[in-house]
Amino acid sequence: MSAQTIELIKVPEILEERLQELPIEPGVYFMRDSNGRIIYIGKSRKLRMRVRSYFRESQNLSNRIANMVRQVTEIEFIVTDTEAEALALEANLIKQHQPYFNVLLKDDKRYPYICITWSENYPRVFMTRNRKLGKAKDKYYGPYTDYYLLREILRFCKRIFPLRQRQKPLFKDRPCLNYDLGRCPGVCQQLISPEEYRQVVQKIAMVFQGRVQELVQILTIQMHQAAETLNFETCVRIRDQISSLNSLNTQQKVSLPDNKVSRDAIALAKDVEHCCIQLFQIRSGKLVGRLGFTTNGYAEPDAILQRVLEEHYQNADVVEIPSEILVQHELLNGEMLGEVLSQRKGRKVSILSPQRQTKAELIEMVERNAEYELQRMQKLSDHNQQSMRDLAMVLNLPELPHRIECYDISHIQGSNAVASQVVFIDGFPAKQHYRHYKIRNPEVFIGHSNDFASLAEVIQRRFHKYIENSQLQRIGNPDWPDLIVIDGGKGQLSSVVAVLQNINFLEELQVISLAKRREEIFLPGKSQPLKTHSEQSGVKLLRRLRDEAHRFAINFHRQQRSQKLKQSGLDEIPGLGHHRQKKLLEYFRSMSYIGQATPKQLSEVPGIGPRLAQEIYDYFHVN
């Protein structure tokens, strides 16, 4: 198991190194397992102290957390300026990543918004998780991280201000009980004009815009009046309502002025060789996500930021383009980029380089996170260089292997057989070059697997373009691998070598295999493995590569298997779409009854004509 996938609790020196990388600042931390999955997300006022507490022998952990700690192989973090920011970010990330060991804040839905239907004469105010609902004039406020608190505040606002309580009237000729209780101004019977009602709704909108001072002043007066009349129960209730309202609109540094505007903030940290870029996504004043990018450090900072923004927003949906982008350095072509984004979004998009006050402090926070990522990348780069030097020595390579590819096969007794191609460049995973392959060999089917034939097929397909075009450059081509690693033993290696010999590529490629049981390295034509130690850095690099290929292949196999299970046998009948399949199942209740039905019975289903009914019958009875 490689240094990147071994459980940290088993290697105290690596664990201590990871803990020392954590700053003594507020923020959010991530725990990852050997498959790279985020299994736990937490927050703390002092990141290093909190994370260290998980690994103290004296710490009395619950069974759930103790089980989680035993699986941790990597620790990541995002620093924030306040613990309140860390709390909001933690909630967002937990709902996004769904970590296995987080039992709170877990939700498979999107964050809730408040929608006000300004497109209607009498606007409605309600919660929704889908911003695509409604019309262009409708306004959305959020997202909010605490669903229950938001619902409480919405109910509270409806008690304070008389609003329409029902989407449709309960009676045709008179208002309902809500009008008599003063909770509705009689919208259903138009007892209030649209202009007067919209003024009331505007006050509600101010609450969700963060402009709550006017409402707080009203409640404060009511609380004092209740105290003067010795109505302490009402006084306490109003006090709690004020507290809840303030909690919903807690002021953070990332809660910038005019928090209706969506913002992205981008900054970088770089040295001569590396550059780490961080892009923080802020929606309605809340830090809801972070994107990280890496590149080489040869270009100027403004050119790097320009390129990252162009590539990021080129692939983003229009709704994800914010109205304002804060950048660490002024862009040379910022105006042009702003015009392009404005055209895509259909409204003004500003690109600013703030120098003072709150927005500048936000950029400083993003830059500090980029600096932490750069420090980690520098350490990892030094480690990878050492690993590649050791690997080059073990394999007697003339140069360090720049591009390494690894191949693995995944199936269950021949079913849904797939292969993976994983690429490491300079010791780092290059996921943009990962590839999946569905095995097409007819000799591989359910109940009959053939990993040798599968690997031979994948290698043939990998170098197909070089076979067809003999003039295509090989040596020096960034797509041409310096080293090929096969997951398996001598048999798997021999099948790949046979293919490369047949296409006359073997002399130009370095091919090895890594056997799982003893982590042995085999070379073509050699019956005995190389003499290596399983814990030397070069072998660990190969193991990390092999484990990544194995993970990538298994995930694709599970995906294919899941899709196969979801398919209905009716999918194979021409002309029988999803809607008609649904009608059939609603009518006959099961596939077995459909198979037993006669053509006449089948034609009784709405949408099933005599011809299609005969085709369905033949599908179950012919052959």
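Here is a walk through some salt bridges and two residue environments in this structure. Please keep in mind that the model is predicted.

Let us begin with charged side chains. Searching the whole structure turns up 28 salt bridges, and a few of them are worth visiting one by one. Start at Lys10, whose side chain pairs with that of Glu7 at 3.6 Å, N to O. The two partners sit in contrasting surroundings: Lys10 has a relative accessibility of 58% and is therefore exposed, since the cut-off is over 50%, while Glu7 is buried, with a relative accessible area of 14%.

Next, turn to Asp33 and Arg37, whose side chains form a salt bridge at 3.0 Å, N to O. Here the acidic partner, Asp33, is buried, as its relative accessible area is 6%. Arg37, for its part, reaches 45% and is partly exposed.

Now jump ahead along the chain to Arg546 and Asp547. Their side chains also meet in a salt bridge, with an N to O distance of 3.0 Å. In this pair the arginine is the buried partner: Arg546 has a relative accessibility of 4%. Asp547, at 25%, counts as partly exposed.

Salt bridges can also join up into something wider than a pair. To see this, select Glu17, Arg18, Glu21, Glu74, Arg376 and Lys379, which are linked in a network of salt bridges. It is a good group to display together when you look at the model.

From charges, let us move on to two residues and their surroundings. Which strand holds Phe428? The answer is β14, which covers residues 428-429. Phe428 is partly exposed, with a relative accessibility of 21%; the value is not under 20%, so the residue does not count as buried. Once neighbours within four places in sequence are set aside, Phe428 is in contact with Met377, Leu380, Ser381, Asn384 and Val423. One of these partners, Leu380, is 48 residues away along the chain, and its C-alpha atom is 8.9 Å from that of Phe428.

Our last stop is Ser454, found in helix α13, which spans residues 451-462. Is Ser454 buried or exposed? With a relative accessible area of 1%, this serine is buried. Apart from neighbours within four places in sequence, Ser454 touches Ile409, Ile439 and Val444. Centre your view on Ser454 and you can pick out these three contact partners for yourself.

Note on methods. Residues numbered from 1 in each chain as written. Predicted model: local features only at pLDDT ≥ 70, side-chain atom pairs only at ≥ 80, totals over all residues. Heavy atoms only, no water. Salt bridge = Lys/Arg side-chain N within 4 Å of Asp/Glu carboxyl O. Buried < 20%, exposed > 50% of the residue type's maximum accessible area, 1.4 Å probe, protein only. Helix = DSSP H or I, 4+ residues; strand = E, 2+ residues; numbered from the N terminus. Contact = heavy atoms within 4.5 Å.
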